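Biologist: I am new to this model and would like a close look at a single part of it. Please take me through that part step by step.

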Amino acid sequence: MAMSVVAVILVPAFPTARRRSRPAYNRPPAPATLPSGRNARYRRFCVGCCFHVRSVAGVFPVASHFEKGERLRENQVMTFGKRARWNSRGIALVSIGLIVLSSALLLVLNRQGLGVSANVAQLVAVALALPGVIALLIGWRQGFLRREAPTSTDLADTESVLAWQVEVRLRNELESRLLYDPGPMPVRWRFTVDARLMDRNPGAQGEGEAEFGGSDVEIEGMVERFLSLPFGRLAIVGGEGAGKTTLAFQLALGLLHSRSDGDPIPVPLSMDGWDPGAYTTLNDWLIHRLRLEYPNLKGTVLGGRAAEYLVERGAILPVLDGFDELPREARSSAVVSLNRSMRGSRPLILTSRRDEFLEVISDTESVLSSTAVVMPRILRLDDVACYLDRCLRTHRQREQWEPVLASLRSSPRSRGERTPFQQIAGVPLWLWLVRSVYLDSGADPTPLLGKGRFATREALEEELLERVVEATVAVHRDRGERYGKETLPFLTREGYDVVRVHDRLEYLAWLLRHAALDGRLPQERELAWWQAGLLAFPEEGGWWSRVRFRGFLGALMGLHGFVFGFPVFALLGLWKSGPENVLPGALLGALLLGGVNAILNTVSLEEYLSWSKKGPGYANVGISGRARELVQSVVRKSARAVLVSCFMGIWIGSIAGMEYGFRVGLSVGATVIFGMVVFLSPVLGFLGGLFEWMEKPIRGGRMVSPRSSLRQDRVLNLVRGASWGVALGACLGLLSWLSPEVGPGLAIASFTFCAYLFGVRSMVGGKEFAAWPSYLVATCRFAYERRLPRNLMAFLDDLRVVGLLRAVGPVYRFRHARLQDHLAAAYERKRSARGERTNGPLEAEAEGLFVGGG
């Protein structure tokens, strides 16, 4: 009998092979109905029994009815669907039937003897497992669980949520680039005349003038020009710091403002994280990035498959930034993948440096299909002078900068006769640096005149890159002192130590580059906080590094247990023994707790690094407007726990009944069911419902930032650890309390001891979300070595406010790749001066990249 119940529960629990959902073009929707034909009634019965029992076990809900798919656009059909309904009456009938059948079978087998009972039980197990196997084969063969398509209202609701989040992100990004203070730089763009960069298809550019709508100030005209492109594909190609990313973001924001219902949503995405080997198609990578950068889409009606619905429907216009930052081999694969993915008139915006774009065309003998290419013109120095003049706030600044503006307006036509400042002023990157270092900080701009201080253009560029950290931090410090409002809390606590900030940024830039070189990180431009462990603990150090890691982690665990246990055991000793024995008891209890925690919860280096390779979890504990959802989740999980408890009781009672008789089996089964339903099911139901409710984001909630992502993952880990720790600790503490030899004091100590150990273990031993513990250990290592601050997130967020970093979803990026390369090269030169060497086989490659600048 035991085997029969287990077979009925487990055999249908194996997942059926689901077909990959794809859009079907110019094809009517296939009806999704139950099997029909010969033996249809028996097949429906088998499948129904299988799915009813499987739903009782909590594997997935019952599919009670099937409907035809709905057309989403012209001749486009999605075969996706939403969760089917629960058939409560069917579940109850099947459960009662199994209980009655089990009881009757026990009664019969008890009278036949043990030998006959075993044989009959085997036959019954096969008979009950057969419908599950048949249903499994039918479901795999015919795609039984075909789900209904989402409605147009569901898709429109999800698109509106994504469009709002993208607009907020774009506005914040453009504000950080000083686009509205006082206005955008007047960069002019035109379609390229270089035939090597473009597709020979004459329709790629469309008809019209060679100018692409004028300058960045006239963004409305650029949006209209983009919308007039026959295929809606645009590559923005230019030199370093030419304003490619800014133009792409301006176009995306303009397209959002002019967007109508049904138009694709422009979503900016950084390309340096795309591995064409892992994501062979553009759609796969888009789905991955949307789930990472916009987790709030899970809070919409479409749930966890919202990103897949939007991408497969063609509702995303990818704005791919930084094509040149991909490795050379990856760029070639990316071009092939993009051309395969851009079927029909699928729109696209891509940015790249000119040399890398030409290089990949030469390698692949191919260009982006039907894609227009625009390139920037060098800023006219008269326009540069007008832009700087609009940035001046006071009359004193105007008087101070008047010679500089006059030199720009009267600059010679020949570039060879221009001063270093006049040579770089036409590039947006260097113009921003000049404004940050000299204008916003109030520094004397006289060194920019002539060739007295800076003999070459390269010398001026190095000076600007070297001084931008000090200048931007000083500007925000002065603003805080002037207005009495500190916007940089971490740097304020450290006294605005600019030298320390500069050293930390150099180390961080070097560390990202070095980790990307030796394969620890997939790219060097993104700083994801949950990957801090990969930066702090290299894996190639051999056995000695693993021993050192275990010692470091064990010391942290022991210290944490001691700090937690000392006040708890001190209060417990004060309550039980009085003040004279508080210190010895507290020390003994804290040392014991710390030692056990260090032994139990110290993991290997490989397991720790696996924490950093997982993405962060997202938790939301806001109860406002979500109380009903919490109650429904708890009730649903509790009902499942009760049903599972009943089956467990029947199973255990069946085993006891075959061995000791029907009455003993009935008594044991009833006892198990009563105990699990009364004590275990409420706890499991509450915890399961709480976690399910907590991990569901709010529809249209706040934008995900690195700090919010860390905070949500921390809440998720703390709630999980506290819940499981308190639940298991309470059980053991209650058992200790019921023992006559144990008093209440020892029972409370047992509860505290077990709750802490089980809570920490549930966090560090979690199979899904352990990003926050990994981040804590890594930041402790950085602080121990005096490389980076212990509160790394607060430090990075202050640099974002300053403008040296920018937040892209849950990750940070340097303001510009050239700035990151300069800082990394400066740190490498310091290491070489100290006699330090880069460990590992990539030493020569690292030195070639670092020494001499970016």
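Is Asp440 buried, partly exposed or exposed, and what is its relative accessible area?

Modeller: This is a predicted model. Asp440 is partly exposed, with a relative accessible area of 29%. The side chain of Asp440 meets that of Arg435 in a salt bridge, at 3.4 Å from N to O. Arg435 has a relative accessibility of 2%, and because buried means under 20%, Arg435 counts as buried. The salt bridge therefore pairs a buried residue with a partly exposed one.

Arg435 lies within the residue range of helix 15 (428-439). Helix 15 is part of what covers the buried residues of helix 13, as are helix 12 (381-391) and helix 14 (420-424). Those buried residues are Gln397, Trp401, Val404, Leu405, Ser407 and Leu408.

Helix 13 itself runs over residues 395-409. At 1.5 Å a residue, its 15 residues should span 21 Å, and its end C-alpha atoms are 20 Å apart, which agrees. Helix 13 also bends by about 50 degrees at Trp401, with a proline, Pro403, following within four residues. Trp401 is thus named twice here, as the site of the bend and as one of the buried residues.

The salt bridge between Arg435 and Asp440 is one of 40 in the structure. Another joins Arg818 and Glu240, with the closest N and O atoms 2.9 Å apart. That pair links distant parts of the chain, 578 residues apart. Arg818 is buried at 12% relative accessible area, whereas Glu240 is partly exposed at 28%.

Definitions and conventions
Residues numbered from 1 in each chain as written. Predicted model: local features only at pLDDT ≥ 70, side-chain atom pairs only at ≥ 80, totals over all residues. Heavy atoms only, no water. Helix = DSSP H or I, 4+ residues; strand = E, 2+ residues; numbered from the N terminus. Expected span 1.5 Å × (residues − 1). Bend = angle between axes of the 7 residues up to and from the residue. Buried < 20%, exposed > 50% of the residue type's maximum accessible area, 1.4 Å probe, protein only. Contact = heavy atoms within 4.5 Å. Salt bridge = Lys/Arg side-chain N within 4 Å of Asp/Glu carboxyl O.
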